[in-house]
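Colleague: Before I rely on the descriptive words people use for this model, I would like to hear what stands behind each of them. Could we go through them one at a time?

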Amino acid sequence: MTGHEHVTDVLVVGGGPAATWAALKAARAGASVVLADKGYCGTSGSTAAGGTGVWYVPPEPAAREAAMASREGLGGYLADRRWMTRVLDETYGAINELATEGRYPFPTGPDGRPLRNGLQGPEYMRRMRIRVRRAGVRVLDHSPVTELLTDADGAVAGAAGYRRQAREHYRVRAGAVVLATGGCAFLSGALGTNTNTGDGALFAAEAGAELSGMEFSNAYGIAPEGTSVTKTAFYSFATFYREDGEVLEGAASQGGRSAIARELLTGAKVYARLDRADPTAQAAMRLAQPNFFLTFDRLGIDPFTERFAVTLLAEGTVRGTGGIRITGDDCATAVPGLYAAGDAATREDICGGFTGGGSHNAAWAISSGSWAGRGAAAHALSLGSGRAAHRPVTGAGGAGLRPTGAPGPAGGHREAVELVQAHVLPYDKNYLRRGDVLGDSLRTLDGAWDELRGSLHGEGADLVKARQAAAMTAHARWMYAAALARPESRGMARRLDHPEQDPGLHHRITVGGLDRVWTRAEAAA
Ligand SMILES: Cc1cc2nc3c(=O)[nH]c(=O)nc-3n(C[C@H](O)[C@H](O)[C@H](O)COP(=O)(O)OP(=O)(O)OC[C@H]3O[C@@H](n4cnc5c(N)ncnc54)[C@H](O)[C@@H]3O)c2cc1C
């Protein structure tokens, strides 16, 4: 093939928190590491653009117990306390390491104690890039991976991709691969999610991995109309208004977004004002999340006293909980040599069916990234030196890459993306879910898959777009197949036609398959 070939122990795919923690820990475990990011590692992904609350809880038994208990009901009792404990321990250590070794400038509270339960995205990810490079990791920026490589036994043995700036294809032969590609927000425009098209889930499924929790995939963030700023924490201080200035009954940031969705569906505007924040809270908010206020400052709006129009943007599995099913404490998947971390992996173990605003995603990215990095390093090193370089490999990719029929016209990815967006972005399809509507969409998406599997392809940068379109279509089908397999309301997977939680459905739903999607019930812990 043309282009460059690299050989390494561990390949990490992605450039966000999960990927950088994975790369760092793999390198510290003695592995050689390549990190390939679709964007620029340090600015790409859904943390880098904003900032996150982190599930950082000191190891005091009462505090830990409260932290775990507070989430169980919200998540529909599908979380697992053993994993919660592991994540709390790992995150606590890692955040302290970021403070001491990474010199992250955590603020101090009025009592002089450091406040370590929040991170400013740009500063956090800038430091993670530095740490990764200092650890000797080779970083390939603007180098989206387009497929995994597998060996004769079906084990994952590297990946192929495209270097956008050099305009050349490349391959990395590796002893093990960590997929840390984030979730899928369907190019909805939500903050920092422009590279989150679900690629890792597609790659994993093509190699034989399964997914779990995909019904918990309908997160929608509140944003000022016309902006991408889906930072929602401060809307708990908001009152929501109709166009005529009356308060919109039932509307709230937590537990009241459906009222906002319903009003927007009528074509009317919805307005918000953060009028429940007192001056002390206002000052604290500006300090805690300065980038939340950039939009308002630029538009000359005082969000505490003036009303501004808002909308809801889909965040899919970025703030959902579904993703690649993991099979071990080291975040291994069902496929040898393949590990998953961060939003690309299921977060059911710590969140059950709901994450929103709980800081769990950030903690999971750190913890699962660290475990996957160490696990991948151990796997690669156990293969022995030279194995990665010499075993014969083949590309595992299908849709958008190797059409089964006559290739269609160039640019076919646009139509494919439009179709999937028409079925996952509208509130009356994905947010206010009903079985008949889900079923109609799933049938259409299944047909779209058959078509794109037959003819979708692309060259160079268009190949990346074709693969993104395939990944989004696959993601939507897994989401809706899993949602149909859960005829109840649990966690964020709410069904208008089944508004109650059904004790008979207290299980997880595993989903998989590409040409034919299947689901399976799996016992919860
Ligand atoms: C507005 C907003 C606010 C949020 N606030 C919070 C919060 O307060 N607390 C919290 O816990 N969580 C929050 N989240 C969620 C949190 O941002 C994510 O859970 C976290 O970023 C996940 O990290 P990650 O590394 O898995 O994915 P990301 O940070 O999304 O990184 C994914 C990386 O993969 C790369 N990539 C994608 N495809 C490919 C490919 N084919 N090849 C190579 N690289 C690829 C991307 O370029 C990117 O670098 C928020 C999300 C949003 C959108």
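Colleague: Which residue of β13 is the bridge partner of Ile222?

Modeller: The partner of Ile222 in β13 is Leu312, and please keep in mind throughout that this is a predicted model.

Colleague: How do you know that β10 and β13 count as paired strands?

Modeller: Strands are said to pair if at least two bridges are found between them, and strand β10 (residues 219-224) is joined to β13 by 6 bridges, the two running antiparallel; the pair therefore satisfies the criterion.

Colleague: What makes β12 a partner of β13?

Modeller: Strand β12 (residues 270-273) shares 3 bridges with β13, again in the antiparallel sense, and since at least two are required, β12 qualifies as well. Within this pairing, Ala272 stands opposite Phe308 in β13.

Colleague: Why is strand β13 called largely enclosed by the rest of the structure?

Modeller: A residue is buried when its relative accessible area is under 20%, and in β13 (residues 308-316) 9 of the 9 residues are buried, so the strand is largely enclosed by the rest of the structure.

Colleague: How do you know that both faces of β13 are covered?

Modeller: In a regular strand the side chains alternate between the two faces of the sheet. Here Phe308, Val310, Leu312, Ala314 and Gly316 are buried on one side, while Ala309, Thr311, Leu313 and Glu315 are buried on the other.

Colleague: Turning to the ligand, what makes the approach of Gly53 a polar contact?

Modeller: The cut-off for a pair of N or O atoms is within 3.5 Å, and a backbone N or O atom of Gly53 lies 2.9 Å from an oxygen atom of the ligand, so the pair counts as a polar contact. By that reasoning Val145 qualifies too, since one of its backbone N or O atoms lies 2.9 Å from a nitrogen atom of the ligand. Taken alone, the ligand exposes 1000 Å², and the protein buries 97% of that.

Colleague: How many residues surround the ligand, and which are the closest?

Modeller: The ligand is surrounded by 37 residues, the closest being Asp37, Ser44, Thr47, Asp343 and Ala362. By class, this shell has 11 nonpolar, 20 polar and 6 charged residues, and its largest share, 4 residues, comes from α11.

Colleague: Finally, the protein has 16 helices and 18 strands; why is it called as compact as a globular protein of its length?

Modeller: Its radius of gyration is 22 Å, close to the 24 Å that the globule rule gives for 525 residues, so the description holds.

Key
Residues numbered from 1 in each chain as written. Predicted model: local features only at pLDDT ≥ 70, side-chain atom pairs only at ≥ 80, totals over all residues. Heavy atoms only, no water. Near = heavy atom within 4 Å. Polar contact = N/O pair within 3.5 Å; in protein donor to acceptor, adjacent residues only side chain to side chain. Areas by Shrake-Rupley, 256 points an atom, 1.4 Å probe, with all protein chains shown as cover. Nonpolar A, V, L, I, M, F, W, Y, C, P; charged D, E, K, R; others polar. Buried < 20%, exposed > 50% of the residue type's maximum accessible area, 1.4 Å probe, protein only. Rg over C-alpha atoms; globule rule 2.2 N^0.38 Å.
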